[in-house]
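The briefing below gathers side-chain environments, nonpolar packing and ring geometry for one chain, grouped by topic. Please read it alongside the sequence and the coordinates.

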Amino acid sequence: MHSSRSSIALVTREDDAQWSDFVFWIVSCTFFAEERAITKARSTDMPLVNLFGSNLTGMFQHAISAVGNYGEMFNRTVKIPRQMRNKLNVNPFGPQQHSLFGY
């Protein structure tokens with residue numbers, strides 16, 4: 001467990017858009033699985049997709065089979081109880097987003 005109070009973020013290289021897209025979709029699938037109560041044990045309930053070609057149609061199933069949904073990963077690694085979902089993503093305001101500096 002990381003004990004620093006500094007920010008920790010998932011970062012990919014700017015010059016590799018395909019890898020960045022792949023990482024985005026894998027992380028997103030862990031949220032999707034949690035929202036639909038799809039656990040590691042039920043990973044075959046994840047949809048087949050064709051985002052990165054026919055060789056990776058089972059990428060969501062494989063990801064959840066390997067690590068579980070977001071809640072499963074959280075409970076296994078963080079070791080503190082989750083109080084509730086992120087209230088910033090709840091109606092009436094929806095997800096909170098900001099534009100990049102200079103744009």
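Glutamine 61 is placed in helix α2, and in this predicted model the residue counts as buried because its relative accessibility is 18%, which falls under the 20% limit. Once neighbours within four places in sequence are left aside, glutamine 61 is in contact with Ser43, Thr44, Met46 and Leu48.

**Around serine 43**

- Serine 43, one of the contacts of glutamine 61, has its place in the loop between α1 and α2, and with a relative accessibility of 8% it counts as buried.
- Not counting residues up to four places away in sequence, serine 43 touches Ile38, Gln61, Ile64 and Ser65; among these, Ile38 and Ile64 also belong to the largest nonpolar core.

**The largest nonpolar core**

- The largest nonpolar core has 11 residues, namely Ile26, Cys29, Ala33, Ile38, Met46, Val49, Phe52, Met59, Phe60, Ala63 and Ile64.
- Helices α1 and α2 each supply at least two residues of this core, and the element that gives the most to it is α2, with four residues.
- Isoleucine 26, a member of this core, is in contact with Met59, Phe60 and Ala63 when its neighbours within four places in sequence are left aside, and these three contacts are themselves listed in the core.

**Aromatic pairs and the aromatic cluster**

- The structure holds five aromatic pairs, including one between phenylalanine 22 and phenylalanine 52, whose ring centres are 5.5 Å apart and whose planes stand at 70°, so that the pair is classed as edge-to-face.
- Because phenylalanine 22 lies in helix α1 and phenylalanine 52 in the loop between α1 and α2, this pair ties together parts that are 30 residues apart in sequence.
- The two partners fall into separate accessibility classes: phenylalanine 22 is partly exposed, with a relative accessible area of 22%, whereas phenylalanine 52 is buried, with a relative accessible area of 18%.
- Another pair is made by tyrosine 70 and phenylalanine 74, whose ring centres lie 6.3 Å apart with their planes at 40°, so this pair counts as tilted.
- Tyrosine 70 and phenylalanine 74 both lie in helix α3, which covers residues 70-77, and they are four residues apart, or about one turn of the helix.
- Tyrosine 70 counts as partly exposed at 30% relative accessibility, while phenylalanine 74, at 16%, counts as buried.
- Phe22 and Phe52 also join Trp19 in one aromatic cluster, and Phe52 is in addition a member of the largest nonpolar core.

**Nonpolar surface patch**

- Phe24, Trp25 and Leu51 form a nonpolar patch on the surface, and together they have about 300 Å² of accessible area.
- Within this patch, tryptophan 25 is found in helix α1 and counts as partly exposed, its relative accessibility being 35%.

**Backbone at alanine 37**

- Most residues other than glycine have a negative phi.
- Alanine 37, by contrast, has a phi near 55°, a positive value in a residue other than glycine.
- This alanine is found in the loop between α1, which spans 17-35, and α2, which spans 59-67, and at 46% relative accessibility alanine 37 counts as partly exposed.

How values were computed. Residues numbered from 1 in each chain as written. Predicted model: local features only at pLDDT ≥ 70, side-chain atom pairs only at ≥ 80, totals over all residues. Heavy atoms only, no water. Buried < 20%, exposed > 50% of the residue type's maximum accessible area, 1.4 Å probe, protein only. Core = buried A, V, L, I, M, F, W, Y, C linked by side-chain atoms within 4.5 Å. Contact = heavy atoms within 4.5 Å. Patch = residues over 30% accessible without salt bridge, like charges linked within 9 Å, V, L, I, M, F, W, Y side chains within 5 Å. Areas by Shrake-Rupley, 256 points an atom, 1.4 Å probe, with all protein chains shown as cover. Salt bridge = Lys/Arg side-chain N within 4 Å of Asp/Glu carboxyl O. Phe/Tyr/Trp six-rings, centres within 6.5 Å; stacked < 30°, edge-to-face > 60°.
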